[in-house]
Amino acid sequence: MNTDPTRMQESNPGVFLNPVLYEVGSYNWSRYNGFTFHLMQSIVTTNSTGGLGWYYISDAAGDGHWSVYYRWLNNIREMEKQAAMLNETNYRAIAKTLQSWMYSIMVDSFGDIPMSEATRGDEGVFTPKFDTQMEVYKSILQDLDSANLLFNETAGLRYNTDGEMLYGTDNALVSGVSAGITKWRKFANSLRIRILLRGLNVPGLNAESELKKMLNAPATYPVFESNEDAAELFISGVFPAEPPMTRPQDFTSYKVLSEFFIDNLKNWNDPRLPVFATQATNDNQKSYVGWPSGYNIAPSFNGSGPNQNIVKPPLELTLMGYAELEFIKAELALKNIISSDAGTHYKNGVQAAIERWGATFPASYFDNEETEFNGTLERIMIQKFYALFFCDYQQWFEYNRTGLPQMPVGDGVPTGNVMPRRFKYPVILQRNNMANYQDAKENMGGDDFNIKLIWQK
């Protein structure tokens, strides 16, 4: 009978957008920091030898990912429903893009997942079936293709008059065009190319021909062309856009960077080294030095810690970067899937990855035999590894796709501890959705860390 004056009484598709971007972007940053950073042998704990760097993986490692993503996928579904009801095609296209982005990370993390029946509790669907990986990939690719057609660059976002968080898109036009919607469309298509690359060797996805079609028709399928186009979420540090980590000291407590991570940057004379790392003091001398990954006995020297400035606002959270797209093109050119120069794309990717962090790209960078393009996938993938720094699980996914770059295995890593292929399903599914969980388990051949997904090497 009473109206709450502090809460909205009506909703629209615009009110869902910023919370989804902020919450999922922040969560992904935290997952890189707490999971990928350690698993991919880039940071080493100094107070324990029982963590992810030694491939000790908790059965519950993916539980938070599952619950957080499905919560926000529910919001995106409502956003799309309202956009459809109001005939707001740009909001529908954005909803499809964000939904595809999140489902792609989910399917690459777990394998079979609920999708077609997910987030339908309001319809009484409380035990959704699990779609197969192939079904999920096909649905995602179709949704992103639809989004590309739905985006209307001659209109903005009616309900975000102050601009949304990713590209600042509002309802304003410049020369009859919404710059923000143009970038959203590039994000959708670049994301589709990422997903097609992952499924390049999966029979039935037709990924190679789709990649050729998209990359040979840039007017029909516009993609990222610079760091300005990249999906980087700006975090000002001012409420409500607070940084994912509120205490910078937590970023460096009992942690040092690894030899693997530090030594590559040193060998390359890479300007990102002081951006990512601090110097350690040993024998009254300062230098950049890493600790061995998966050590058995802790080294007696001090190691370089991660630079706390990485976590201090203002900062940008990467959903998908321009450098990643250039490295994808480099790989496709190397494999003769597209007719362009792999070396040029490689160089574009390296430069973009360096400049994304505010560092100045040295004119002599490729004069080094360790950085010049040598015509191998190994050279592309080691640079792509650094380009994916703090981008959710993408380093992990790319390693499981290609086996590159080669990961160091320390002498303290127990025999049998290896890189996981996927997360295990949350245990709660065995209580709340047992029948569908068992079907998914049977279809995938088990629910273990070593179950190979359909795109994995």
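**Exercise 1.** In this predicted model, find the residues that are linked in a network of salt bridges.

*Solution.* Look for Asp-108, Arg-198, Glu-331, Lys-335, Lys-384, Glu-398 and Arg-401: salt bridges link them in a network. Now step back to the whole model, where the count comes to 26 salt bridges.

**Exercise 2.** Work out where Lys-186 and Glu-225 lie, and whether each one is buried or exposed.

*Solution.* Start with the contact: Lys-186 and Glu-225 form a salt bridge, with their closest N and O atoms 2.9 Å apart. Next, place the partners. Lys-186 belongs to helix H5 (residues 179-198), while Glu-225 sits in the loop between helix H6 (207-215) and strand S2 (231-235), 39 residues apart. Finally, use the cut-offs: buried means under 20% relative accessible area, and exposed means over 50%. Lys-186 has 10%, so this residue is buried. Glu-225 reaches 58%, so this residue is exposed.

**Exercise 3.** Which parts does the pair Glu-232 and Arg-356 tie together?

*Solution.* First, note that the two side chains meet in a salt bridge (3.1 Å, N to O). Then locate them: Glu-232 is in strand S2 and Arg-356 is in helix H11, so the pair ties together parts 124 residues apart in sequence. To finish, check the surroundings: both Glu-232 and Arg-356 are buried.

**Exercise 4.** Describe the surface patch that includes Glu-370.

*Solution.* Glu-370 gathers with Asp-367, Glu-369 and Glu-372 in a patch of negative charge on the surface. Glu-370 itself is in the loop between helix H11 (342-356) and helix H12 (377-387). Its relative accessibility is 36%, so Glu-370 counts as partly exposed.

Technical notes:
Residues are numbered from 1 along each chain as its sequence is written. This is a predicted model: local features need pLDDT of at least 70, side-chain atom pairs count only at pLDDT 80 or more; totals for chains, interfaces and linings use all residues. Side-chain values use heavy atoms; hydrogens and water are left out. Patches are made of residues with over 30% relative accessible area and no salt bridge: like charges are joined within 9 Å, nonpolar side chains (Val, Leu, Ile, Met, Phe, Trp, Tyr) within 5 Å. Accessible areas come from the Shrake-Rupley method with a 1.4 Å probe; for residues, only the protein chains shown count as cover. A salt bridge is a side-chain nitrogen of Lys or Arg within 4 Å of a carboxyl oxygen of Asp or Glu. Lys and Arg count as positive and Asp and Glu as negative; His and the chain ends are not counted. The place of a charge is taken as NZ of Lys, CZ of Arg, CG of Asp or CD of Glu. Helices (H or I, at least four residues) and strands (E, at least two) are DSSP runs, numbered from the N terminus. Buried means under 20% relative accessible area, exposed over 50%, partly exposed in between (1.4 Å probe, protein chains only).
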